[in-house]
Each structure stands twice: as structure tokens, then as C-alpha cells.
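Subject: A structure for you to look at

Hello,

Here is the structure I promised to pass on. Please have it open while you read, and my notes on it follow below.

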Amino acid sequence: MDDDRFTLDYHVRHAALPRPGTMRQLKRAVGRILSQKLDLSEAVVELWCIDGVQGDRFAIVLKVHHCMVDGISAVHALSAFFSPDPNAPARPPSIWRPRPAPSSLDLAMGELQRRAGVPLAVGRSVAAALAHPGQTIEAIRDTAEERSRR
């Protein structure tokens, strides 16, 4: 479901260093940005553009809640913004329209489908465990040893 109240202006932000901004000033600015909690009532992402970095440069800080991305998915998300080719043409922006929220019936049907699949998934797990008893016993032993170390 898309958030029909999403406002890009809230999530894309701008800051500037006093010119010429040193790396020390940039690190402090980034530290201040990252030390502020994300607003959990909004989409948990902020993209900051920091102007005024020494050498006619700027910095981009992407702040995303850990529930949204892991290392690899963050790289994939960033690749949508950037290109390794400095001469790559800019893609024209597409018009975004939020998908409508699902109806109560859609939500109920989705949950019924999910629950109906649980016994099948359990059956597959049991069949795999019985097909490879040595691996199953080893996995149980490894798990028990790991928990006893905690």
C-alpha cells in the first residue's frame, strides 16, 4: 500500500556549510543529522543534500531506518539515484500516483491465503528433516550449543 499523504518535501532536505566547508565541519553536520531520531509517524527515510563543501563539492546523506534496508538493498536503492557514468543522461521524472488502500475484504483474503499456506510449509520442513536426518540432528545440535553459549 502506498502512502497517499507522502510529501517529498518532508523527506528531501537541504543544509549548507559556511564556505569553504571543511571535512571536520561536514562530519559534525552529518553527526547532527544522524543523531536525530526519525519520525516514525512518517516514512522512515530522509535524504539530505549538504552544500558548501570545500572544493566546490556537496555531500549527500541518506538516513534510513534499519527496518527498511540491509546493506545490499541499500546499495540497490542508491543505484536508482546515481550512475557510475558521469555523462549519463538524466531520466525524466515519472508521475507517481499512490495505489489505493486495500479493502477489508482484500486484507482478509490475503491473510486467509497466508494462513492456508502455513501447514504446507510445515509439511515441507518436516519432509526435508526426515529426508536428511544427519543434517537435521547436526542443525539441532548447533542451535542448542549456540543457545547454551548465550
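First, a term you will need: a polar contact is a pair of N or O atoms within 3.5 Å, where, within protein, one atom must be able to donate a hydrogen and the other to accept it. With that in mind, look at E46, whose side chain makes a polar contact with the side chain of W48 at 2.9 Å. Please remember throughout that this is a predicted model.

**The chain as a whole**

The chain has five helices and three strands. Starting at the N terminus, the order of the elements is α-β-α-β-β-α-α-α. The radius of gyration is 24 Å, well over the 15 Å that the globule rule gives for 150 residues, so the chain is more spread out than a compact globule. Along the principal axes, the C-alpha atoms fill a box of roughly 65 × 45 × 35 Å.

Of the 150 residues, 11% count as buried. The accessible surface of the chain is about 12,500 Å², and carbon and sulfur atoms account for 61% of it. If you take the contacts between residues at least 6 apart in sequence, 60% of them join residues at least 24 apart.

**Around E46**

Back to E46, which lies in strand β2 (residues 45–53). Is this residue buried or exposed? E46 is buried, because its relative accessible area is 6% and the cut-off for buried is under 20%. Leaving aside neighbours within four places in sequence, E46 is in contact with H11, R13, L38, V61, L62 and K63.

Two of these contacts are worth a closer look. Side chains of opposite charge can pair when their charged atoms come close. R13 forms a salt bridge with E46, with 3.6 Å between the closest N and O atoms. This pair links distant parts of the chain, as R13 sits in strand β1 (residues 12–21) and E46 in strand β2, 33 residues apart. R13 counts as partly exposed, at 23% relative accessibility.

K63 also forms a salt bridge with E46, and here the closest N and O atoms are 3.8 Å apart. K63 lies in strand β3 (residues 57–64) and E46 in strand β2, so the pair ties together parts that are 17 residues apart in sequence. At 7% relative accessibility, K63 counts as buried. R13, E46 and K63 are thus linked in a network of salt bridges.

**Out in the helices**

The structure holds four salt bridges, and one of them joins E111 and R114, whose closest N and O atoms are 2.7 Å apart. These two residues are three apart in helix α4, so about one helical turn separates them. E111 is partly exposed at 30%, and R114 is partly exposed as well, at 48% relative accessibility.

Further along, R147 is found in helix α5 (residues 133–149) and counts as exposed, at 60% relative accessibility. From C-alpha to C-alpha, R147 and D106 are 40 Å apart in space, with their positions 41 residues apart in sequence.

**A patch on the surface**

Finally, have a look at F6, L8, V12 and W96, which make a nonpolar surface patch of about 390 Å². W96 is in the loop between α3 (71–79) and α4 (104–131), and is partly exposed, with a relative accessible area of 46%.

Happy exploring, and do write back with anything you would like to talk through.

Best wishes

How values were computed
Residues are numbered from 1 along each chain as its sequence is written. This is a predicted model: local features need pLDDT of at least 70, side-chain atom pairs count only at pLDDT 80 or more; totals for chains, interfaces and linings use all residues. Side-chain values use heavy atoms; hydrogens and water are left out. Patches are made of residues with over 30% relative accessible area and no salt bridge: like charges are joined within 9 Å, nonpolar side chains (Val, Leu, Ile, Met, Phe, Trp, Tyr) within 5 Å. Accessible areas come from the Shrake-Rupley method with a 1.4 Å probe; for residues, only the protein chains shown count as cover. A salt bridge is a side-chain nitrogen of Lys or Arg within 4 Å of a carboxyl oxygen of Asp or Glu. Helices (H or I, at least four residues) and strands (E, at least two) are DSSP runs, numbered from the N terminus. Buried means under 20% relative accessible area, exposed over 50%, partly exposed in between (1.4 Å probe, protein chains only). The radius of gyration is taken over C-alpha atoms; the globule rule is 2.2 Å times the number of residues to the power 0.38. Contact means heavy atoms within 4.5 Å.
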